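Here is a small set of exercises to work through with the model open beside you. Try each task before you read its solution.

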Amino acid sequence: MLTVEQVAACGVVPVVVLDSEEQAVPTARALLAGGINAMEITFRTSAAKGSIARVAAEVPEMIVGAGTVVNVDQVHDALEAGAKFIVSPGSDAEVIAEAMKLNVPVMPGVVTPSEIMMGLKLGVKVFKFFPAETFGGLKAIKALSGPFPQIRFIPTGGVNQNNAAEYFKNPKIVAVGGSWMVTKDMVAAGDFAGITEKSAAATALFREIRG
Ligand code: 3PG
């Protein structure tokens, strides 16, 4: 089984919203060309399951996961399509427990100590901190790291090329998540060169800081 750290090793987990399955493979290839080898395809559109299946089948170098997973049925749909990890905007005990039971890395969203305590009880060690910038960013992560020194975070929401460096400098950060390198507009316009360019800048920044 992959660990969350292995999934997020390139430092950036793109949050991808696709309106059409046709966009999935070129988007995955554009991210890969920019050094990003894991992507979260969100269950916010009806194209999510089919898109995950296409990437899983056609772009084996890409670790494809499912995002915006809010119930157990979506966990099953995601895994059936070939998802290798599960991301959730919040913490749902059933979603976490099901992913754990099925040996799939799961990144549940948290912003409060109570949510962290619930996740800890279920065995989570790396949490998505969402929406990061709205809920205090690095300052909040530092405060939460006091009582919870054993956990690490993937801050997502409002993170971008301009503020990612501050997160990368903190050892409690495994990686950051975000959509700035693969916005809906870029995908809709077929701007795959732009996706590669922004992905390359993001992964270069991570390597520059983490070595
Ligand atoms: C989201 O839910 O849209 C993601 O967390 C991405 O946030 P961002 O668009 O601010 O990067």
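**Exercise 1. The chain as a whole**

Among contacts in the protein chain between residues at least 6 apart in sequence, what percentage join residues at least 24 apart? Then describe the overall build of the chain.

Solution. Keep in mind that this is a predicted model.

- Step 1: Start with the contacts. Of those between residues at least 6 apart in sequence, 61% join residues at least 24 apart.
- Step 2: Take stock of the secondary structure, which comes to 10 helices and nine strands. The radius of gyration is 16 Å, close to the 17 Å that the globule rule gives for 211 residues, so the chain is as compact as a globular protein of that length.
- Step 3: Put a box around the C-alpha atoms. Along the principal axes, this box is roughly 45 × 40 × 30 Å.
- Step 4: Look at burial and surface. Of the 211 residues, 53% count as buried. The chain exposes about 8,900 Å², with carbon and sulfur atoms supplying 54% of that area.
- Step 5: Finish with the charges. There are 18 positive and 20 negative side chains, and the centres of the two sets lie 8 Å apart.

**Exercise 2. The two sides of helix 7**

Which residues of helix 7 (residues 137-145) are buried, and what do they pack against?

Solution.

- Step 1: Apply the cut-off, under 20% relative accessible area for buried. In helix 7, this picks out Gly137, Leu138, Ala140, Ile141, Leu144 and Ser145.
- Step 2: Look down the axis. These residues cover an arc of only 160°, which puts them on the same side of helix 7.
- Step 3: Turn to the other side of helix 7, where Lys139, Lys142 and Ala143 are exposed.
- Step 4: Find the packing partners of the buried residues. They are helix 6 (113-121), strand 7 (126-129), strand 8 (152-155) and helix 8 (164-168).

**Exercise 3. The faces of helix 4**

Why can the buried residues of helix 4 be said to line one face of the helix?

Solution.

- Step 1: List the buried residues. In helix 4 (residues 72-81) they are Gln74, Val75, Ala78 and Ala81.
- Step 2: Check their directions. Seen down the axis of helix 4, the buried residues fall within an arc of 135°, so they line one face.
- Step 3: Inspect the face turned away from the buried side, which carries the exposed residues Asp73 and Glu80.
- Step 4: Identify the cover over the buried residues of helix 4. It includes helix 3 (48-58), strand 3 (63-67), strand 4 (86-87) and helix 5 (93-101).

**Exercise 4. Three residues and their contacts**

Where are Ser199, Leu122 and Thr156 found, and which residues does each touch beyond its sequence neighbours?

Solution.

- Step 1: Ser199 is found in helix 10 (residues 192-210). Ser199 is buried, with a relative accessible area of 0%. Not counting residues up to four places away in sequence, Ser199 touches Leu31, Gly34, Ile36 and Met181.
- Step 2: Leu122 sits in the loop between helix 6 and strand 7. Leu122 counts as partly exposed, at 31% relative accessibility. With neighbours within four places left aside, Leu122 is in contact with Ala93, Ile96, Ala97 and Met100. Leu122 and Met100 are 22 residues apart in sequence, and their C-alpha atoms are 8.2 Å apart.
- Step 3: Thr156 is in the loop between strand 8 and helix 8. At 6% relative accessibility, Thr156 counts as buried. Beyond neighbours within four places in sequence, the contacts of Thr156 include Val15, Lys128, Phe129, Phe130 and Pro131. Ala132, Gly177 and Gly178 are also in contact with Thr156.

**Exercise 5. Backbone details**

Which residues does a cis peptide bond join, and where are Thr68 and Asn103 found?

Solution.

- Step 1: The cis peptide bond joins Phe130 and Pro131, with omega about -5°. Pro131 lies in the loop between strand 7 and helix 7.
- Step 2: Thr68 is in the loop between strand 3 and helix 4. Phi of Thr68 is near 50°, a positive value in a residue other than glycine. Thr68 counts as buried, at 16% relative accessibility.
- Step 3: Asn103 is in the loop between helix 5 and strand 5 (106-107). Phi of Asn103 is near 60°, a positive value in a residue other than glycine.

Note on methods:
Residues are numbered from 1 along each chain as its sequence is written. This is a predicted model: local features need pLDDT of at least 70, side-chain atom pairs count only at pLDDT 80 or more; totals for chains, interfaces and linings use all residues. Side-chain values use heavy atoms; hydrogens and water are left out. Buried means under 20% relative accessible area, exposed over 50%, partly exposed in between (1.4 Å probe, protein chains only). Helices (H or I, at least four residues) and strands (E, at least two) are DSSP runs, numbered from the N terminus. The arc is that of the directions from the helix axis to the C-beta atoms. Contact means heavy atoms within 4.5 Å. The radius of gyration is taken over C-alpha atoms; the globule rule is 2.2 Å times the number of residues to the power 0.38. Accessible areas come from the Shrake-Rupley method with a 1.4 Å probe; for residues, only the protein chains shown count as cover. Lys and Arg count as positive and Asp and Glu as negative; His and the chain ends are not counted. The place of a charge is taken as NZ of Lys, CZ of Arg, CG of Asp or CD of Glu.
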